[in-house]
Amino acid sequence: MNDSAEFAPQLYPPFPKDTNPVIHLSTVSLSELLAGSDAEQARLFEICRTQGFFYLDFSGTKSESLVKEAEAIGRLSETVFKLPLEEKQDKEPKKPFSLLGYKRVGKTKTDDQGIPDTAEFMNVGKDDILDTPHHIPTTPPAIVFESANRAMLASFVVGCHGVGLDIMSVLATKMDLPKDVFSHSNRLKAPCDSHCRMIRGPSRRSTDLPEIQTPGHTDFGTTTILFNWLGGLQVWSEPSRGNFHKQFEGDQPEGAAGQWLWVKPKPGHAIVNLGDAAVRFTGGILCSARHRVVPAPGEQGLWPRYSVVYFIRPNDEVVMKRLQGGMVPPLPEGEEEEELTAAQHQQKKFRAMQ
Ligand SMILES: O=C(O)CCC(=O)C(=O)O
Ligand SMILES: [Fe+2]
């Protein structure tokens with residue numbers, strides 16, 4: 001890689017020591033989870049009941065390769081974002097309410113004043129990468145599907161999807177639900193909007209924080225596996241157990257107590273967080289955390305910020321209702337849940353963002 005590369009984790013200055021407040025996130029060992037360690041599984045459950053956000057250590061597992069693959073996708077995304085704007089905009093979703101394809105800078109408003117976001121995304125669908133037949137095929141820019149790149153993305157998607165489902169099956173067991181209950185609703189081989197997202201946010205323009213790259217939100221889906229190399233991600237201090245209809249709700253949750261806490265990137269680890277679907281299926285036993293992205297703090301903010309994410313979303317036909325059984329609390333008497341499939345639920349949330 002040459003020195004003028006924007007995505008250059010080996011050249012980034014460290015996360016500044018004087019950055020405050022920083023959230024303490026626990027580190028979960030995938031290898032211990034998979035080995036069936038009771039203590040690690042109990043810790044995972046506790047973290048997901050109270051915070052919904054943690055670092056994942058892949059060492060000693062076959063998933064270790066995901067760290068290198070994420071870096072390779074980071075390099076690929078630099079090439080993608082350097083394409084001419086028209087070429088990228090040609091990949092904007094053609095159908096209403098699809099999230100797949102390109103999202104340009106400024107498409108999302110970050111507050112009531114209409115201040116635009118500053119990040120661009122290229123969302124590449126799992127079904128497009130794996131060639132699973134589905135209803136809205138989307139083609140990314142040609143370079144993304146050049147054969148070596150496509151094979152790498154396929155390996156990343158299959159690997160992240162598997163890790164996400166491993167985590168969910170531990171959580172299912174802890175809640176006295178069938179171990180494979182989430183694997184059935186989030187199948188790799190069935191259509192859904194699970195996707196790999198490449199993200200680029202510009203370097204900081206002013207010394208006044210915050211410029212909002214991505215406004216406060218909870219993720220739509222079940223589980224998110226995130227790789228980032230520079231600071232800038234912030235998590236709201238209070239977990240969220242509802243409020244599913246708006247993806248972006250402005251910068252601060254209205255009237256809510258709490259504050260934004262910085263997340264320090266942890267080299268060689270992923271950050272895992274739970275999304276709306278995990279909360280919804282479990283009647284709020286599992287929680288998600290609102291998060292947002294601002295330019296990295298201090299010297300780090302001189303670099304454009306790249307991240308690579310895989311979102312596991314429920315399959316299109318799955319009805320997004322709370323599960324019955326185990327520890328999941330029954331709906332309070334007289335309360336009814338909307339019968340929305342994952343595809344409908346997502347459209348509703350997406351519409352609320354427009
Ligand atoms: O870039 C990051 O660190 C987080 C991105 C994110 O939250 C998202 O794309 O949903
Ligand atoms: Fe997110």
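Which residue lies in the segment before β1 (27-29)? That's Pro21, and there's a twist to go with it: the peptide bond leading from Asn20 into Pro21 is cis. Keep in mind that this is a predicted model. Most of what follows is about ligand 1 and the residues around it, with a few backbone details after that.

**Where ligand 1 sits**

- The largest cavity is the space that ligand 1 takes up.
- Twelve names are worth having at hand here: Arg197, Ile199, His217, Asp219, Leu226, Asn228, Leu233, His291, Val293, Arg305, Ser307 and Phe311 are the residues around ligand 1.
- Sorted by class, that shell holds five nonpolar, four polar and three charged residues.

**Which strands build the shell**

- Four strands supply at least two shell residues each: β5 (195-201), β7 (223-228), β11 (291-293) and β12 (305-312).
- The top contributor is β12, which gives three residues to the shell around ligand 1.

**Polar contacts and cover**

- Arg197 puts a polar side-chain atom 2.9 Å from an oxygen atom of ligand 1.
- For Asn228, the distance between a side-chain N or O atom and an oxygen atom of ligand 1 is 3.0 Å.
- Asp219 joins in too, with a side-chain N or O atom 3.2 Å from an oxygen atom of the ligand.
- On its own, ligand 1 has 300 Å² of accessible area, and the protein covers 97% of that.

**Helix α6 and its two ends**

- Helix α6 runs over residues 147-174, which makes 28 residues.
- From first C-alpha to last, α6 reaches 41 Å, close to the 40 Å expected at 1.5 Å a residue.
- Ahead of α6, the loop between α5 (126-130) and α6 is where you'll find Asp131.
- Asp131 has a phi near 65 degrees, a positive value in a residue other than glycine.
- Just after α6 comes Asp176, which takes a positive phi of about 60 degrees.

**Back to the cis bond**

- For the bond from Asn20 to Pro21, omega is near -15 degrees.

Methods
Residues are numbered from 1 along each chain as its sequence is written. Chains are lettered from A and ligands numbered from 1 in the order in which they are written. This is a predicted model: local features need pLDDT of at least 70, side-chain atom pairs count only at pLDDT 80 or more; totals for chains, interfaces and linings use all residues. Side-chain values use heavy atoms; hydrogens and water are left out. A residue is near a molecule or strand if one of its heavy atoms lies within 4 Å of it. A polar contact is a pair of N or O atoms within 3.5 Å; within protein, one must be able to donate a hydrogen and the other to accept it, and residues adjacent in sequence count only if both atoms are side-chain atoms. Accessible areas come from the Shrake-Rupley method with a 1.4 Å probe; for residues, only the protein chains shown count as cover. On a 1 Å grid over the protein atoms alone, a cavity is a set of points where a 1.4 Å probe fits but cannot get out, and a pocket is an open set with protein on both sides within 12 Å along at least five of seven lines; lining residues have an atom within 4 Å of a point. A molecule sits in a cavity or pocket if more than half of its atoms lie within 2 Å of its grid points. Ala, Val, Leu, Ile, Met, Phe, Trp, Tyr, Cys and Pro count as nonpolar, Asp, Glu, Lys and Arg as charged, and the others, Gly among them, as polar. The expected span of a helix is 1.5 Å times one less than its number of residues.
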